[in-house]
Amino acid sequence: MSLSPKTAAERAHILAEALPYIQRFQDKTVVIKYGGNAMVDEDLKRGFARDVVLMKLVGMNPVVVHGGGPQIGKLLERMGKESKFIQGMRVTDSETMDVVEMVLGGLVNKEIVSLINQHGGKAVGLSGKDGGLIRARKLKLQSAESSNMPSELVDIGHVGEVESIDPELVALLDTRDFIPVVAPIGVGSDGQAYNINADTVAGKLAITLGAEKLILLTNTAGVLDDDGKLLTGLSAKDVDKLVADGVIKGGMLPKVACALDAVKSGVRSAHIIDGRVPHALLLEIFTDLGVGTLINA
């Protein structure tokens with residue numbers, strides 16, 4: 001069955017619109033934080049894998065960093081172990097850390113690798129422990145101050161922050177046309193494994209690799225104003241003002257902080273996009289309008 005003239009014209013326009021972006025981003029690195037609904041909906045998972053393969057085929061160098069909080073929570077529940085959170089971060093004792101490594105470094109990572117490979121890519125799964133990729137240190141969390149009590153350090157177990165990233169392994173894989181898929185697990189100087197926030201790892205990796213773009217997939221349309229309207233193009237100065245005015249708040253704050261850190265450290269642009277939209281990656285990178293919030297320096 002042939003396309004109607006109108007449909008054919010629309011599809012041709014989309015393809016033509018993509019050309020300058022394909023040319024501009026030739027051989028550029030794009031770090032993608034993959035999480036939210038895009039990781040659990042079967043159609044969205046397959047669409048994400050196809051998008052990443054297409055990015056590689058047109059000459060870009062995608063690097064995927066994934067989360068897996070819900071999957072970790074489900075396995076802990078099946079084990080009869082309660083998940084505890086302090087200031088939004090999972091309390092990670094030794095037993096929980098074993099589960100984190102099993103889920104992030106094993107089940108979730110290998111599923112993403114398999115999906116990308118099924119769609120014609122060449123993905124390789126890594127954790128931050130591989131090749132000394134992510135050096136970590138224990139996260140020192142301050143308790144919230146009350147009116148009459150000083151803040152104190154809170155121990156949340158094997159939760160870490162990025163100390164440094166060695167880009168050699170990821171850069172080598174890129175040159176051989178492999179797509180790195182990174183689980184956000186770091187290793188300390190004593191060999192201890194640490195659970196690290198995936199947004200943070202993606203941001204630091206983008207900075208270290210000198211990436212063209214950092215893309216954070218979320219379960220929201222992007223950064224919204226007080227009326228719920230999507231804010232599309234923002235400068236770092238715009239974002240600082242929105243944070244100061246209380247427009248950006250709650251769960252969006254750490255994502256925006258990660259994006260700001262990246263663009264202020266040399267990444268050309270950061271994007272917070274709606275992972276619930278099919279093929280959100282392609283729409284954000286290869287079309288004029290995009291599907292989320294773009295932040296640049």
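Here are three short exercises on ring contacts and nonpolar cores in this predicted model.

**Exercise 1.** Classify the aromatic pair formed by Tyr34 and Phe48 as stacked, edge-to-face or tilted, and place the two residues in the chain.

*Solution.* Start with the count: the structure holds two aromatic pairs. In the pair of Tyr34 and Phe48, the centres are 3.8 Å apart and the planes make an angle of 5 degrees. Planes under 30 degrees apart count as stacked, so this pair is stacked. Next, locate the partners: Tyr34 belongs to strand E1 (residues 29–34) and Phe48 to helix H2 (residues 42–57). With their positions 14 residues apart, the pair links distant parts of the chain. Finally, check the accessibility: both Tyr34 and Phe48 are buried.

**Exercise 2.** Find the residue that lies over the face of Phe178.

*Solution.* Look along the ring face of Phe178, and you will meet Lys122, at 4.5 Å from the ring centre.

**Exercise 3.** Describe the largest nonpolar core, then follow one of its residues with the most contacts.

*Solution.* First, the size: the largest core has 43 residues. Inside this core, Met55, Ile116, Leu217 and Leu281 have the most contacts. Now for the contributors: elements that each supply at least two residues include E1, H2, strand E13 (213–218) and helix H9 (280–286). Helix H4 gives the most, with ten residues. Then take Leu281: setting aside neighbours within four places in sequence, its contacts include Phe48, Met55, Ile215 and Leu217. To finish, note a second, separate core of 42 residues, with Val162, Tyr194, Val239 and Val263 among them. As background, nonpolar side chains tend to be buried together in soluble globular proteins.

Terms used: Residues numbered from 1 in each chain as written. Predicted model: local features only at pLDDT ≥ 70, side-chain atom pairs only at ≥ 80, totals over all residues. Heavy atoms only, no water. Phe/Tyr/Trp six-rings, centres within 6.5 Å; stacked < 30°, edge-to-face > 60°. Helix = DSSP H or I, 4+ residues; strand = E, 2+ residues; numbered from the N terminus. Buried < 20%, exposed > 50% of the residue type's maximum accessible area, 1.4 Å probe, protein only. Lys NZ or Arg CZ within 6 Å of the ring centre and 35° of its normal. Core = buried A, V, L, I, M, F, W, Y, C linked by side-chain atoms within 4.5 Å. Contact = heavy atoms within 4.5 Å.
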